[in-house]
Amino acid sequence: MEDITWKKDETPYLIFSCSKCHQYIYTKITQKSKKCVRCGYTHKVSKIIDRGEIIKGISNAVELVKKKQNDLAIKELGSEPEFRTLGDFKIAGKVKYQKNAINLDSEDDDYYEKFKQMLYSLSETHNSFPYYIIEIMAENYGIPQSEVKLLTRRLQRQGFLIRLNGDYSYKIRV
Ligand SMILES: [Zn+2]
């Protein structure tokens with residue numbers, strides 16, 4: 001089981017905020033440098049090691065980055081009352097979903113409809129939204145991360161989802 005091997009992972013990771021674009025990133029501390037996934041700025045790990053937080057295990061590192069990104073989104077999008085913590089994620093009280101509705105046997109089309117519905121809801125409160133918000137919301141909708149990438153691409157091809165130029169943000173076609 002993937003979960004068990006992850007729990008045993010004692011590799012230290014450094015979580016830090018990109019000095020250029022403020023996106024949160026994780027890197028192995030043994031790595032020499034890390035390129036920001038958002039803006040491409042290359043950070044020397046030795047220079048940022050004192051600025052970041054060290055956490056053991058890749059799954060913990062990913063979780064912490066998500067949590068920090070979520071907090072950042074609250075600041076950036078200015079929507080405290082709607083965007084709460086990861087465990088209690090609602091937008092303007094309009095979205096109804098069941099947290100435990102994760103069904104691994106679901107057809108892809110179920111995810112497709114759910115995902116589209118989610119984007120509609122998101123667009124009611126935000127003109128555009130960064131990709132990590134899509135990821136965080138999808139998680140709360142019970143849509144696996146692997147599906148999120150595929151669905152995003154599929155909807156982009158259909159012209160439903162539009163990626164904004166020079167940005168990692170998206171909006172839907174209205
Ligand atoms: Zn950056």
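Begin by selecting strand β2, residues 24-28, in this predicted model: four of its five residues are buried, so the strand is largely enclosed by the rest of the structure. Keep β2 in view and add strand β1, residues 12-17, which pairs with β2 in the antiparallel sense over five bridges. To see one of these pairings residue by residue, pick Leu14 and look across to Thr27, its bridge partner in β2. The two strands make up a hairpin with six residues between them, and in the turn you can select His22, whose phi is positive at about 75°.

Next, move to helix α5, residues 131-140, and colour Ile133, Ile134, Ile136, Met137 and Ala138, since these residues of the helix are buried. Just after α5 comes Gly142, which also takes a positive phi, of about 75°.

Which residues touch the most other members of the largest nonpolar core? Select Phe115, Met118, Ile134, Met137, Ala138 and Ile143, which hold that place in a core of 16 residues. Two or more residues of this core are given by each of α4 (108-125), α5 and α6 (145-157), and α5 provides the largest share, with five residues. If you centre the view on Phe115 and leave aside its neighbours within four places in sequence, you will find it in contact with Ala138, Ile143 and Leu151. There is also a second, separate core, made of eight residues, and Tyr13, Leu14, Phe16 and Ala61 are among them; Leu14 is the residue you met earlier as the bridge partner of Thr27.

Now turn to the open sheet, in which three strands are arranged in the order β6-β8-β7 with antiparallel pairing. The edge strands, β6 (129-130) and β7 (161-163), each pair on one side only. Select β7 together with strand β8, residues 169-172, and you will see an antiparallel pairing over three bridges, where Arg163 stands opposite Tyr170 of β8.

Finally, colour the protein by confidence, which averages a pLDDT of 77, with 75% of the residues scoring at least 70. Confidence is highest in strand β4, residues 42-44, at a mean of 94, and lowest in helix α1, residues 2-7, where the mean is 47. Select residues 80-106 as well, because the pLDDT over this stretch is below 50, although the stretch has 31 contacts in the model beyond near neighbours in sequence. Where pLDDT is low, the predicted coordinates should not be read in detail.

Key:
Residues are numbered from 1 along each chain as its sequence is written. This is a predicted model: local features need pLDDT of at least 70, side-chain atom pairs count only at pLDDT 80 or more; totals for chains, interfaces and linings use all residues. pLDDT is the predictor's confidence in each residue, from 0 to 100. Two residues are in contact if their C-beta atoms, placed from the backbone, lie within 7 Å. Two strands pair if DSSP finds at least two bridges between them. A residue is buried if 20 or more other C-beta atoms lie within 10 Å of its own, exposed if 12 or fewer, and partly exposed in between; C-beta atoms are placed from the backbone. A nonpolar core is a set of buried Ala, Val, Leu, Ile, Met, Phe, Trp, Tyr and Cys residues joined through C-beta atoms within 7 Å.
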